[in-house]
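Reader: I would like to go through the terms used for this model one by one, and to see how each label follows from its definition.

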Amino acid sequence: PATHVTQTFKNSTSTISYLPSLSIGVAPMTTMENTSNLDPEIVLTWRRDGEVADFPFAVTPRPFGRFPVGVWGLPQDPNLRKVPKGVMIEALNELDLVASTEPSAPGPEVPYYQVRPGPRKPLPLSRRSVDIAKLKNQAQMVSGLVTKPASTAEAFQNAWKYLAASVSPTSIVSLRGERQAPPLLGTLAEGLESPAETVIPVVGKRPDEKVYDHFIDPPVAVGILSGSTQYLRQETKARTSVKGSERAWRVTPPTLASVEMARSKSIAMRLVMIEPAAVSTDKRGTVIGAVDVPPTAIAHASPAIVARNGADGAEYLAGFTAALVSRTLTSLASDGAALAAGQTVVLKMPNAHADAAVDARRPALAVMDAPARVVVLGHGGQVLADRLVGQTEATNERGGMLEIARGAERIVAISQGVPNQGAGKAGLAGWHTGMQMPYAGWSAAVAPGCVVRSFGEVLATHRERLDAGWVSGAELAHGVSTVATTFTKPPKSVIIVVDDPAAFGDQVGTRQLLLGLDGASRARDAAGRERPPLLLSMENRSVLAYDIVPDNIRPVVVSIASDLGWSLAGVMGSDVLDATGAIALLSARGLDAAMSPLAAGTGASLLQWSGPVRTSQQRLEAQALASRRPLAAGRSRQPVSSKIKKGGQR
């Protein structure tokens, strides 16, 4: 299948687009290249003596071919595969190339009866008018031998007369009972006595071009998650009684990890920290903490409302979807759908497979009041957009808008709230195996400052996770898999946390650990060699910090493929700190406290869908028009609020 045809000329090119009925992909391929929303192009070039010349052919598209969705369709979510239902994609696959020229001036006329010099001879199929009249008279005499019967009985009687000499008496007697229609009698000269009637067929009306439904319906809320990690101040306010201390030099206090790295390895000594034992009160076996009183709280999971059959909260999801498009439907200044700070909504495009129009006007998602992080995913989990939308410190406008890219299948919005005064950068972007992250389908999750996707192991679905829900980092990195982390901002340093089961003496066979870096390169020293990573070891856990240099063209993607002999525990990065500062922050705070929050403020964001919207009746009419089926009786035709793009020339 093809969607574009380009003809090259000496000084220019000409491209014509032919829209398929559905988006084209390579469904069986599940590689990390995300082979979805393809636009195959045919380029026609005419060369003469190695030089490009004007293309001499007239290019005409032939009727569209049909391709099965199971092969040429968009890839499916590996966790929610569906059996193909015989749907076909109609797309261009054949062209007619016609080259024509101007006829030259004719030469002298040649007499029809002159074949070669010598005696003239008539053409074999030519007759004189006298011969033609004689032939017609003979044909009329022969035709007069058989007259047209006046009735059915007379027709059978004439048939008996002619058949009596060649068939048996039994066949003659049974002729009337075996036939329902009377026999037709004729002669070999029939039709020669008069000119044959020639019927010239009438050229019928050319069928109308087939139309395809490329309308982009607004998204539908399939999950609302609450309880995202919010900003927690990790530093304690400096307090001192020394006068003029604000003018003193500030230095970072040493940590156990920094001292361990700086000490000489020749000293056969190791400092081991042991947690103090609990203290017993000797009263009914009560044990209290020796240092701090442990916090107590009711254990519960993060709440999630997921769209599935029989699940609770369907009314809430429907209300959010209605509020999202209410302004477009009513043309009133509606506030939109409210999203509290730290709350996550997962929106699904209902007809993303039909988003094949290249030049169509793109819809947008507007964010009012508090800003929100908006992540747009395509088929296969490809990250199409990941940015902060809405009011920021640099703008005084009430909100912002993000155009939804072609091929978008999932939209994740996380309300950031209004940042608190004095709240700076809390830590690192990334994830670790102990985190709970919003799940967006396609084995992908949204983490602070990045999007994580797993390739390999299938994630189990349950009543609280289908198209949306919560997923842990341990589930994404489970088993033999490849985990790709796409950072929102280009980091200066990358930290990889790996657990080694062999550190405790476990028997581990052949194992591999592959690290990939896209969109950046390793930092180099003055000699041009790649800088070695900084290593921090904690029992069986190894933390490696790399200095990298982003190319600022593509997003930075860190891919790690591991066997069962390794356990990936996390991937982090920082756009502010280098490898030394990032690993010092991690060693001082630990994994949880060193991570940036998903939301860092208070307040609510308002989401509004900016784009055409149609009703259910209009959607049914568009589907009937695309399939050329008549509308059901009793359904009134209503004006559609947007144009339906036509397919290629048929």
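Reader: What makes asparagine 552 exposed?

Author: Exposed means over 50% relative accessible area, buried means under 20%, and partly exposed lies in between, with a 1.4 Å probe and protein chains only. Asparagine 552 has a relative accessible area of 63%, so the residue is called exposed. Asparagine 552 is found in the loop between strand S32 (541-550) and strand S33 (557-562), and its phi is near 60 degrees, a positive value in a residue other than glycine. Most residues other than glycine have a negative phi.

Reader: What kind of model is this, and how are its residues numbered?

Author: This is a predicted model, in which local features need pLDDT of at least 70 and side-chain atom pairs count only at pLDDT 80 or more, while totals for chains, interfaces and linings use all residues. Residues are numbered from 1 along each chain as its sequence is written, and side-chain values use heavy atoms, with hydrogens and water left out.

Reader: Why is aspartate 369 called partly exposed?

Author: Its relative accessibility is 28%, a value that falls in the partly exposed class, so the label follows. Aspartate 369 is found in strand S16, and its phi, near 60 degrees, is positive although the residue is not glycine.

Reader: Is serine 171 buried, partly exposed or exposed?

Author: Serine 171, at 36% relative accessibility, counts as partly exposed. Its place is in helix H4, and its C-alpha lies 9.6 Å from that of tryptophan 160, with the two positions 11 residues apart in sequence numbering.

Reader: Why is asparagine 351 called buried?

Author: The relative accessible area of asparagine 351 is 11%, which is under 20%, and therefore the residue is buried. Asparagine 351 is found in the loop between strand S15 (344-348) and strand S16 (364-369). Leaving aside residues up to four places away in sequence, asparagine 351 touches Phe215, Ile216, Asp217 and Arg614, where contact means heavy atoms within 4.5 Å. Asparagine 351 and glutamate 409, 58 residues apart in sequence, are 8.3 Å apart from C-alpha to C-alpha.

Reader: What makes the pair of tryptophan 46 and phenylalanine 57 edge-to-face?

Author: Rings of Phe, Tyr and Trp (its six-membered ring) pair if their centres lie within 6.5 Å, and planes under 30 degrees apart count as stacked, over 60 as edge-to-face and the rest as tilted. A search of the whole structure finds 4 aromatic pairs. In the pair of tryptophan 46 and phenylalanine 57, the centres are 5.5 Å apart and the planes stand at 70 degrees, hence edge-to-face. Tryptophan 46 is in strand S4 (residues 46-48), whereas phenylalanine 57 is in the loop between strand S5 (51-53) and strand S6 (58-61). Tryptophan 46 is partly exposed at 31%, and phenylalanine 57 is partly exposed at 25%.

Reader: Why is the pair of phenylalanine 64 and tyrosine 212 called stacked?

Author: With 6.4 Å from centre to centre and 15 degrees between the planes, this pair meets the limits for a stacked pair. Phenylalanine 64 lies in the loop between S6 and strand S7 (65-68), and tyrosine 212 in the loop between helix H4 (169-178) and strand S10 (220-225), so the pair ties together parts that are 148 residues apart in sequence. Both phenylalanine 64 and tyrosine 212 are buried.

Reader: How do you know that the charged end of arginine 465 sits over the ring of tyrosine 439?

Author: A charge sits over a ring if NZ of Lys or CZ of Arg is within 6 Å of the ring centre and within 35 degrees of the ring normal. The charged end of arginine 465 is 5.8 Å from the centre of the ring of tyrosine 439, over which it sits.

Reader: How do you know that the span of helix H10 is close to the expected one?

Author: Helices (H or I, at least four residues) and strands (E, at least two) are DSSP runs, numbered from the N terminus. The expected span of a helix is 1.5 Å times one less than its number of residues. Helix H10 (residues 616-627) has 12 residues and reaches 17 Å from its first C-alpha to its last, close to the expected 16 Å. Its buried residues are Gln617, Gln618, Glu621, Ala622, Ala624 and Ala626. Just after H10, arginine 628 takes a positive phi of about 60 degrees.
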